[in-house]
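Me: Please take a close look at one part of this structure and describe it for someone who has not seen it before. I would like a single connected account, with the terms explained as they come up.

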Amino acid sequence: MVNLTIDHKNVQVPEGTTILKAAAAAGVEIPTLCFLKDLNEIGACRICCVEIEGKETLVASCNTKVEEGMVVYTSSLKAHYARRMNLQIILSQHDFRCAACQRNGSCSLQKICADMNINDVPFQQDYEKSEWDLSFPLIRNAGKCIKCMRCVQICDKVQSLNVWDIVNTGKRTGVGVSKMRKIADADCSLCGQCITHCPTGALRERDDVRKLMDAVNDPEKIVVAQIAPAVRSAWGEGLGLAEEMATEKRMAAAARALGIDYVFDTNFSADLTIMEEANEFLERMAHRSEYQWPMFTSCCPGWVRFVKSQYPEMAKQLSTAKSPQQMFGAIAKTYFAEKVLDVDPERIFCVSIMPCTAKKAESALPNINDAGAGRDVDVVLTTREFDRMLRSELIMPASLEEEEFDSPLGTGSGAGVIFGATGGVMEAALRTAYYALNKENPKPDMFQMVRGLDGIKEATLEIAGTPVRAAVVHGLGNTRKLMERIQSGEAEYDFVEVMACPGGCAGGGGQPITEGREMAGERGSKLYELDRKNPLRFSHENPSVIVLYDQYLEKPLSHRAHELLHTDHLGWTMPSEKH
């Protein structure tokens, strides 16, 4: 243990602790801007600078370790003046038109400047300007970048894709797409983790709110929305809504208040996905020699982009089942339009509200639209866009009464809701696979060994005498490790669930941004609680799914099911596949 003094407080901390962490343990807050625990501790912004008695120069508290007898002043006149100066220099190289920025109100730079009472910038403003393809789902505004390196580190160390890098030298040094590429050529997975870890508005998703509002105000359009499982665990965060008020039923009411005609639950199509994917897995197991193993889940478009660009030879091992989003779009513009509403499918405008940025690209894939009425999913909005819409339309969810999702595409099981957490797809599929083989349901929580935030989870299960070797992985860096083990023969599996974002969709790149906190674990716990409370715990018992098969699809893996609910992942290419 090391003894030191911080702002006249005696502190004792383990050897090797940084001043920043020691101060936090003593209840002293030191502002940070570039700091990300265990990822970005490089002292680039110098906002966390402190004064150490006996030393002439200030030090960055985020990467300076404590020493015995050290006397630290976190807000001495010298440290306070330097911190203000550093902020003003950063602002001079930053486009601070905050009122027109998506991060207005949730920007770390904005908050620190307000806390430090920065009300002028005495230096000439000169920020970087660059061109960007504004049709791409991920947008970078160079003028907002403060060169903190967070995006570089999260992409390198957590997601292992190295999309971002330092570019240029000297005073022109900045951050850009690595290898001097355009973003569309960079094999970006569109996981959006760089967005959620950016402290400013330098990175954001493409805003598609206007497309939805135009459809809402078009009398010829019937606007049908689906809301993903993980959205219900986070939508209230971006609105400052108390947890007990941010219910899924109040979320449905808020969507209707926007003018959306029908509000459905993606849990329905998650259950539909399980029916197709679990049966596909059993079909492959019955003809084991005809397939390459393991079979990978295919509901995460960020993961699909990753495997196609990094391990293209293994892309054929993906389940052919579409994601719940795309299954819903196909059913909305066929079964729902024809059998339920009896309207021209061209009138249906299908919107997805998702925790994900990669879903924007998925809905635009050239071979994903099989309903014959334009795109199966017309527009995808992130949870953040949904929250922004509610604010801009002056809708206050706290004042709304709870409302049910619409039927028949609004009924979802507990198995569907846990799709939003890492391990949830695997658990839901195993519940239904067990039923298919044993002709009876397992205990609902029989497969909870695949839950949790361990990067890679493994389980060997026996279902009706058939051993199943399963693995669950989240985060693309962890995924790369698993793929290397599979390729080398070090690990063998039958069924693997992959989610691109750490923590799964609950930690998705389209979720509300909570500075300094990784919320995926807390959000995932909410989803498991909803599963526990749901009277339906199995996808195969969803009455709406049963009726859909009886009236329209016949059975899982039928010809019509293949036409509408399955896709060819090899039918489109990532940039690296074109070379």
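Reply: What follows looks at one buried helix and the sheet beside it, then at a helix pair and the cysteines.

This is a predicted model, in which local features need pLDDT of at least 70, side-chain atom pairs count only at pLDDT 80 or more, and totals for chains, interfaces and linings use all residues. Residues are numbered from 1 along each chain as its sequence is written, and side-chain values use heavy atoms, with hydrogens and water left out.

Helices (H or I, at least four residues) and strands (E, at least two) are DSSP runs, numbered from the N terminus. Helix H9 covers residues 301-310, and 9 of its 10 residues are buried. Buried means under 20% relative accessible area, with exposed over 50% and partly exposed in between (1.4 Å probe, protein chains only). Among the buried residues of H9 are Trp303, Arg305, Phe306 and Lys308. Their cover includes strands S12 (295-296) and S17 (495-499), together with helices H11 (358-362) and H15 (476-488); contact here means heavy atoms within 4.5 Å.

S12 and S17 also belong to an open sheet of 4 strands, in the order S12-S17-S16-S15, with mixed pairing. Two strands pair if DSSP finds at least two bridges between them. S12 and S15 (456-463) are the edge strands, each with a single partner, so one side of each has no neighbour in the sheet. The pairing of S12 with S17 is parallel and runs over 2 bridges; in one of them, Met295 is matched with Phe495 of S17. Helix H14 (residues 424-438) lies across S15, S16 (466-474) and S17, at about 155° to S17. Axes are lines fitted to C-alpha atoms, for helices over the stretch in contact, and angles run from 0 to 180 degrees between N-to-C directions.

Elsewhere, helices H8 (residues 266-286) and H10 (residues 324-341) pack at about 100°, their axes 8 Å apart. H8 is therefore roughly perpendicular to H10, a term for angles of 65 to 115 degrees. Residues in this contact include Leu272 and Glu276 of H8 and Phe328 and Ile331 of H10.

As for cysteines, a disulfide is a pair of cysteine sulfur atoms within 2.5 Å, and the count is 0 disulfides. The sulfur of Cys188 has its closest cysteine sulfur in Cys194, 6.2 Å away, which is too far for a bond. Cys188 is buried, at 7% relative accessible area. For Cys350 the closest cysteine sulfur, in Cys356, is 15 Å away, again too far for a bond, and Cys350 is buried at 0%.

Notes
Parallel < 35°, antiparallel > 145°, perpendicular 65-115°, else oblique.
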